[in-house]
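Me: I would like a close look at one part of this model, with the rest of the chain described only as far as it gives context. Please keep to what can be read from the coordinates.

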Amino acid sequence: MNKLKYIAVIAFLSGFGSQNSFAQLKEEKLVLDRKREPEVKRIEKKKTSVQTEKNYPPEAKANEVVKYDVTDVPPVSDFKTSEIQAEDISPKFDFEKQNNYFQIGYGNYGKFLADANISGKVNDNVEVGADVHYLSTTGLKKEYDWSSKQSQLGAGLFLNAYTETGKFNIDANFGMDKYNYYGIYALTPNADVDLEQKVNHFKINAFYDHYSNEYLNNVRVKSSILSDHFDSKETQAEVLANLSMHDVDVYTDTKMNADLGVGLDLVNSKFGILDKNESNLFNFNLAPKLKFYKGNSYLTIGSDFSFFNQKHQSLVLEQEKNSKFYWFPNAELQISATDQFKFFGGVEGGLKLNSYNQLLEENPYMISDLYLKPTETKYRIYVGIKGDVDQTLKYNISAGFSKQNDILFFHNSSLIDPTMTDTRKAYDFANTFGAIYDNGTTSEVKASVQFFPLENLVLDGEFQFVKYKLDNLKETYYKPLVQTTFGAKYSMLGKKLNLGFKGIFVTDRTANSYELSENMATYPTTYDIKENENQKVGGYVDLNLSAEYKVHKNFSIFVLGNNLLNTKYQTFYGYKVLGAQVMGGVKISF
């Protein structure tokens, strides 16, 4: 009977592989299960995690029996289809966890991977470690005469320390992304044209989690320094302290949690080319909240108070100063009839500081000269249902409506210098993107599901529908109406063979583009520029398959197949992704 189950699952995964495609060069960190993930990174994802009991000192919990639980599925995947940065789709299973490893892989398009991690305990309460990651590709040599090669290098250190009163984590890492602005469609440059962009970033994150929720819950500090090839510099810092008093008896079985979030967020951006924009953003935030709960039902009432200050100047604008006080609502009601059915609804709002660092993570082809300002969500109203059916099926369905100011969209940049020349800058081929803002409303529907039909099989899916109605812009650039993800993870042969699958479907997006024609009547000759404000960027189906086989407890081989239908779609207009890819390699664990 077990053999029949294995055969059915393999047929299921193969069926998906024949109907979909996966087209980007991914950050292939092929780790079965990295037990050691810097705690700060986990905390950053806390909003998508199940609320669990706080971690107490390891000594007090050494003999505690671990109880299985299902992890919440985020309503929208963090997946992004850029050529280098993307999602790790390797299967992760909780068995024979090994912290120390080295792996190496090679594939077509000149893809080369080298990845290593080492960690250990200084004593029972202190753990330290380091990891290094490198990934490169020679790019699309058959598609472009000019270079589209890319590479990534990352190195990090971490420390986890457990004290009698709390848990402390610190994570420091350096990253370098080197790539080309290769998405040229309106001109035909020389093959040896210099299109290089290089971004360096250094980050330090620290987190302290107090075991008791009396007066102090946790403290988080995040900081980063960024520079690029065109003299852009940005520093960013965030400090957040959560003060709390939990489990206060109110009436019979009803209890109350009282929380006060105190936050400080700073962004200082300075660009070195073109208009040389400089932005200084400062936000001080207070978020008081009361939560009344009985069992799994609760009512949360709170507010968000923000004091925002902004300074901006450039070569074409005198210094602008702006200070404003904001108030945002924050309330949520959850009625839990059973574990299988929970109704929830609420209202929220807030201020998000946009930074060059954050925009490069979404779109690495941004021009190094941006006018940065925050996005204000005046309010977002949402309702939904969720549940956990016998820890076999977990679902979350919600709908929301929000009113926002200064929503950020990516906008294709035109030629900066209209003169015909052979010495054009790397960013001046109509191949980079700027930021534009508009006010409007957003309607959305989200759904996510996890299904555990077999002991070693996990199926998941996510769906998102988002529609914008803007005050000024006729089109919502690079915002698909529908996007979905679906995946599977399966282990077999005594968990020696691990299979992974990830697929994505995204509908058409709208962009703007430019047509250039020579104007011989001018001297020197210039280009006449015509903008198309309704350029369509086609939708796509994107698929990944992965497999890893443990030959020995310390030795594994892996293979990863991407874009199996060889679909050369575009992430941003002009930027084609890699075609069908296969990478194989080995991993040594110790």
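How many helices and how many strands make up the secondary structure of the chain? And for the close look: which residues have the most contacts inside the largest nonpolar core, and which helix and strands each supply at least two residues of this core?

Reply: The model is a predicted one. Its chain has four helices and 26 strands. Of the 590 residues, 47% are buried. When contacts between residues at least 6 apart in sequence are taken, 66% of them join residues at least 24 apart. The exposed surface of the chain is about 28,700 Å², and 56% of this area comes from carbon and sulfur atoms.

Now the part you asked about. The largest nonpolar core consists of 46 residues, and Tyr 365, Met 366, Leu 370 and Tyr 478 have the most contacts inside it. At least two residues of this core come from each of helix 4 (356-362), strand 15 (393-412), strand 16 (433-454), strand 20 (509-519) and strand 21 (526-537). Apart from this core there is a second, separate one of nine residues, with Leu 457, Leu 459, Met 492 and Phe 501 among them. As background, nonpolar side chains in soluble globular proteins tend to be buried together.

Several details belong to the strands that supply the largest core, or to the loops next to them. Pro 453 is placed in strand 16. With a relative accessible area of 33%, Pro 453 is partly exposed, so it does not meet the limit for a buried residue, which is under 20%. Pro 453 and Thr 392 are 61 residues apart in sequence, yet their C-alpha atoms are 6.8 Å apart in space.

Strand 20 and strand 21 are linked by a loop in which Pro 524 is found. The peptide bond that joins Tyr 523 to Pro 524 is cis, with omega at about -5°.

Leading into strand 15 is a loop that starts from strand 14 (375-389), and Asp 390 lies in this loop. Although Asp 390 is not a glycine, its phi is positive, at about 55°. Asp 390 has 61% relative accessibility and therefore counts as exposed.

A positive phi is also found at Asp 247, where the value is near 60° and the residue is again not a glycine. Asp 247 lies within a strand, namely strand 8 (residues 233-251). Its relative accessibility is 48%, so Asp 247 counts as partly exposed.

Two buried residues that lie in strands can be set beside these. Lys 550 belongs to strand 22 (residues 540-552). A relative accessible area of 7% makes Lys 550 buried, because buried means under 20%. From Lys 550 to Leu 493 the separation is 57 residues in sequence and 10.0 Å in space, C-alpha to C-alpha.

Ser 306 is part of strand 11 (residues 297-313). With 1% relative accessibility, Ser 306 counts as buried. Leaving aside residues up to four places away in sequence, Ser 306 touches Asn 283, Phe 284 and Asn 285, and also Lys 324, Phe 325, Tyr 326 and Phe 328. One of these contacts, Tyr 326, is 20 residues from Ser 306 along the chain, with 5.0 Å between the two C-alpha atoms.

Asn 566 lies outside the strands, in the loop between strand 23 (555-562) and strand 24 (570-572). Asn 566 is partly exposed, its relative accessible area being 40%. Beyond residues up to four places away in sequence, Asn 566 touches Gly 579 and Ala 580. The C-alpha atoms of Asn 566 and Gln 581 are 8.2 Å apart, while the two residues are 15 apart in sequence.

Last, a pocket. The second largest pocket has a volume of about 360 Å³. It is lined by 18 residues, and the closest to its centre are Val 193, Thr 421, Asp 422, Arg 424 and Phe 429. By type, the lining of the second largest pocket divides into eight nonpolar, five polar and five charged residues.

To return to your request, the residues to look at in the largest core are Tyr 365, Met 366, Leu 370 and Tyr 478, which have the most contacts inside it.

Conventions:
Residues numbered from 1 in each chain as written. Predicted model: local features only at pLDDT ≥ 70, side-chain atom pairs only at ≥ 80, totals over all residues. Heavy atoms only, no water. 1 Å grid on protein atoms, 1.4 Å probe; cavity = no way out; pocket = protein on both sides within 12 Å on 5 of 7 lines; lining within 4 Å. Points joined across faces, edges and corners; volume = space filled by probe spheres on them. Nonpolar A, V, L, I, M, F, W, Y, C, P; charged D, E, K, R; others polar. Buried < 20%, exposed > 50% of the residue type's maximum accessible area, 1.4 Å probe, protein only. Contact = heavy atoms within 4.5 Å. Areas by Shrake-Rupley, 256 points an atom, 1.4 Å probe, with all protein chains shown as cover. Core = buried A, V, L, I, M, F, W, Y, C linked by side-chain atoms within 4.5 Å.
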